[in-house]
Amino acid sequence: MVAFHQTTPPKSKLLALIVGFTAAVSILPPAALSHSSPSAAARNEAIRRQEKQIILTERLAEARDLLAAEDFESAAQAYDQAYELSVDVGPSAVDQQNAAAQGIGASRIVLAQEYFEKGDARRANQNILRIIKVNPAYPGVQELKRSVDQELARIEGLTPSPELD
């Protein structure tokens, strides 16, 4: 008797299959899609969400690696992308959304502190506002916000507005 050993394809192969299917569906003429049944539309939406879920998982792993390597700018961008993907995926990605929000906090608070220490209160504030938008309870962000707000008030009128930079 011959035993068959079935392996799960790597995520990148699975993603390639989903992307290929999505691309095939996208080239169909609109008339073909308009006659599709509600179950076909639901199936297509499920495939799109699966594709985004796979990309989300990969993006979170990439962001974690960047954060561990202390590449805070790239990590912040990757976490931002992961957060937006988690919103697109919906309720099934709430754990990933929370992980992305934590990552945004972890990476952007470091950036905000660095900008603040270099005297760039505006860029510090941009990072703080992003943290507050997705994770207002992130440790230390409210205290840093108060310090940055004080500095922004102090330099108001002393430096060109951002529109003139």
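**Helix packing and salt bridges in the predicted model**

Helices α6 and α7 cross in a left-handed manner in this structure, which is a predicted model. The contact draws on Ala-121, Arg-122, Ala-124, Asn-125, Ile-128, Leu-129, Ile-131 and Ile-132 from α6, and on Val-141, Gln-142, Leu-144, Lys-145, Val-148, Asp-149, Glu-151 and Leu-152 from α7. By residue class, the contact of α6 with α7 comprises ten nonpolar, two polar and four charged residues. The axes of α6 (residues 121–134) and α7 (residues 141–155) come within 10 Å and cross at roughly 145°.

Ten salt bridges are present in the structure. One of them involves Glu-151 of the helix contact, whose side chain meets that of Arg-154 with an N to O distance of 2.7 Å. These two residues are three positions apart in helix α7 and are therefore separated by about one helical turn; Arg-154 is exposed, at 52% relative accessible area, whereas Glu-151 is partly exposed, at 22%. Elsewhere, Asp-80, Glu-84, Arg-108 and Arg-130 are joined into one network by salt bridges that share partners.

Two further pairs lie in helix α3 (residues 38–68). Glu-45 forms a salt bridge with Arg-48, with the closest N and O atoms 3.5 Å apart, and because the two are three residues apart in this helix, about one helical turn separates them. Both partners are partly exposed, Glu-45 at 34% relative accessibility and Arg-48 at 35%. The side chains of Glu-62 and Arg-59 likewise meet in a salt bridge, at 3.1 Å from N to O, and these residues too are three apart, about one turn of the helix. Glu-62 is partly exposed at 37% relative accessibility, and Arg-59 is partly exposed at 22%.

Notes. Residues are numbered from 1 along each chain as its sequence is written. This is a predicted model: local features need pLDDT of at least 70, side-chain atom pairs count only at pLDDT 80 or more; totals for chains, interfaces and linings use all residues. Side-chain values use heavy atoms; hydrogens and water are left out. Axes are lines fitted to C-alpha atoms, for helices over the stretch in contact, and angles run from 0 to 180 degrees between N-to-C directions. Helices (H or I, at least four residues) and strands (E, at least two) are DSSP runs, numbered from the N terminus. A crossing is left-handed if the near helix is turned anticlockwise from the far one by less than a right angle, and right-handed if clockwise. Contact means heavy atoms within 4.5 Å. Ala, Val, Leu, Ile, Met, Phe, Trp, Tyr, Cys and Pro count as nonpolar, Asp, Glu, Lys and Arg as charged, and the others, Gly among them, as polar. A salt bridge is a side-chain nitrogen of Lys or Arg within 4 Å of a carboxyl oxygen of Asp or Glu. Buried means under 20% relative accessible area, exposed over 50%, partly exposed in between (1.4 Å probe, protein chains only).
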